[in-house]
Amino acid sequence: RFHHASTSHLCSCSKTVSDEKYQDPFQLGRKDLKNLYEDIKKELLISAAELKEMCDYYFDGKGKAFRPMIVVLMARACNIHHNNSKEVQASQRSVAIIAEMIHTASLVHDDVIDDANSRRGKRTLNQIWGERKAVLAGDFILSAASVALARIGNTTIISVLTQVIEDLVRGEFLQLGSKENENERFAHYLEKTFKKTASLIANSCKAVSILGCPDPKVHEIAYQYGKNVGIAFQLIDDVLDFTSCADRLGKPTAADLKLGLATGPVLFACQQFPEMNAMIMRRFSKPGDVERAWKYVLQSDGVQQTTYLAQRYCHAATREIRKLRPSPEREALVHLTEMVLMRDK
């Protein structure tokens with residue numbers, strides 16, 4: 001139903017927050033994320049020197065901490081909505097730490113599966129230490145996250161966040177398969193996108209809302225905001241694979257095509273160039289497939305259509321979060337949807 005939507009209402013980005021209310025999400029979230037990476041390293045109490053070196057390599061403090069930032073902003077927004085509390089609870093901050101650990105473990109494992117050689121502009125663990133040790137490092141980070149999760153001591157939160165791990169695995173399996181039926185292909189792609197990217201953000205937001213507010217309606221708002229922002233984030237990521245130069249993105253462009261993956265821009269382009277169907281089914285494995293598919297995508301409106309779709313998800317996220325009581329954190333979460341659409345790396 002997204003394919004032929006008129007663009008008139010899609011292009012109008014959500015109303016920009018007025019200057020007096022405008023809040024930079026990164027500035028606002030910074031106070032709660034101070035020492036985030038040091039705290040993660042405390043969770044990773046490691047005696048083996050090599051394993052410690054591998055974990056420290058990824059938790060170097062240079063990441064944007066995008067996911068933890070959303071989580072602490074959501075925690076504050078929900079706390080203010082519930083009882084005007086201005087503080088983030090220790091358990092809510094723990095959820096932010098756990099989210100970053102689960103995310104990083106999934107990246108380590110993804111890089112092994114994809115045989116990737118660069119991530120965030122530097123060499124991957126599997127390139128430096130080899131695949132076996134990289135898998136074990138990912139497992140170790142995940143186990144440390146599970147210990148931190150158990151320490152929160154809330155069975156509902158444990159249930160919500162372990163769903164993320166299940167979704168990550170199911171999403172990876174979805175990515176390894178492909179649909180013969182063209183009509184099912186887009187649903188398959190969006191389901192994979194939710195499980196691999198958005199579930200972590202959605203369920204982490206839900207977890208902190210449960211800790212901060214007893215109202216199930218608020219839990220649903222938090223979940224839907226995270227889900228919609230997460231899907232939009234990945235859609236823009238898939239667009240950048242075609243439009244960003246490799247040094248800005250921190251990984252080689254056309255990476256998805258080289259892995260045999262048909263993302264949003266490819267699926268939309270396929271409607272204009274049906275000859276791409278055969279390439280999608282053979283996962284761009286024949287010589288010249290990647291180059292031809294790349295050319296078709298750029299000749300089509302696949303990039304534009306995928307961007308419109310991301311805008312729709314961002315609008316949905318904004319509609320959800322505006323149901324909460326006004327607060328600087330709520331406005332920062334609104335602004336974050338605009339930042340997701342504008343990012344170039």
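Visitor: Which helix supplies the largest share of the lining of the largest cavity?
Guide: First, the small print: this is a predicted model, where local features need pLDDT of at least 70, side-chain atom pairs count only at pLDDT 80 or more, and totals for chains, interfaces and linings use all residues. Residues are numbered from 1 along each chain as its sequence is written, and side-chain values use heavy atoms, with hydrogens and water left out. Both α8 (155-176) and α9 (182-212) put in at least two lining residues each (helices are DSSP runs of H or I, at least four residues, numbered from the N terminus). The largest share, 4 residues, comes from α9.

Visitor: How much space lies in that largest cavity?
Guide: A cavity here is a set of points on a 1 Å grid over the protein atoms alone where a 1.4 Å probe fits but cannot get out. Searching the whole structure turns up 2 cavities of 30 Å³ or more. Volume is the space filled by probe spheres set on the points, joined across faces, edges and corners, and for the largest cavity that's about 190 Å³.

Visitor: Which lining residues are closest to its centre?
Guide: Lining residues have an atom within 4 Å of a cavity point. Of the 16 that line the largest cavity, the closest to its centre are Gly177, Ser178, His188, Leu261 and Ala262.

Visitor: How wide an arc do the buried residues of α7 cover?
Guide: An α-helix has 3.6 residues a turn, so residues three or four places apart point the same way. In α7, the buried ones (under 20% relative accessible area, 1.4 Å probe, protein chains only) are Ala134, Ala137, Gly138, Ile141, Ala144, Ala145, Ala148, Leu149 and Ile152. They sit on the same side of α7 because, going by directions from the helix axis to the C-beta atoms, their arc is only 145°.

Visitor: And which exposed residues does the face turned away carry?
Guide: Exposed means over 50% relative accessible area, with partly exposed in between. On the face of α7 turned away from its buried side, the exposed residues are Arg132, Leu136 and Arg151.

Visitor: Is Glu320 buried or exposed?
Guide: Glu320 lies in helix α16 (residues 302-321). Leaving aside neighbours within four places in sequence, Glu320 is in contact (heavy atoms within 4.5 Å) with Ile221, Gln224 and Tyr225. Its relative accessibility is 16%, so Glu320 counts as buried.

How values were computed
On a 1 Å grid over the protein atoms alone, a cavity is a set of points where a 1.4 Å probe fits but cannot get out, and a pocket is an open set with protein on both sides within 12 Å along at least five of seven lines; lining residues have an atom within 4 Å of a point.
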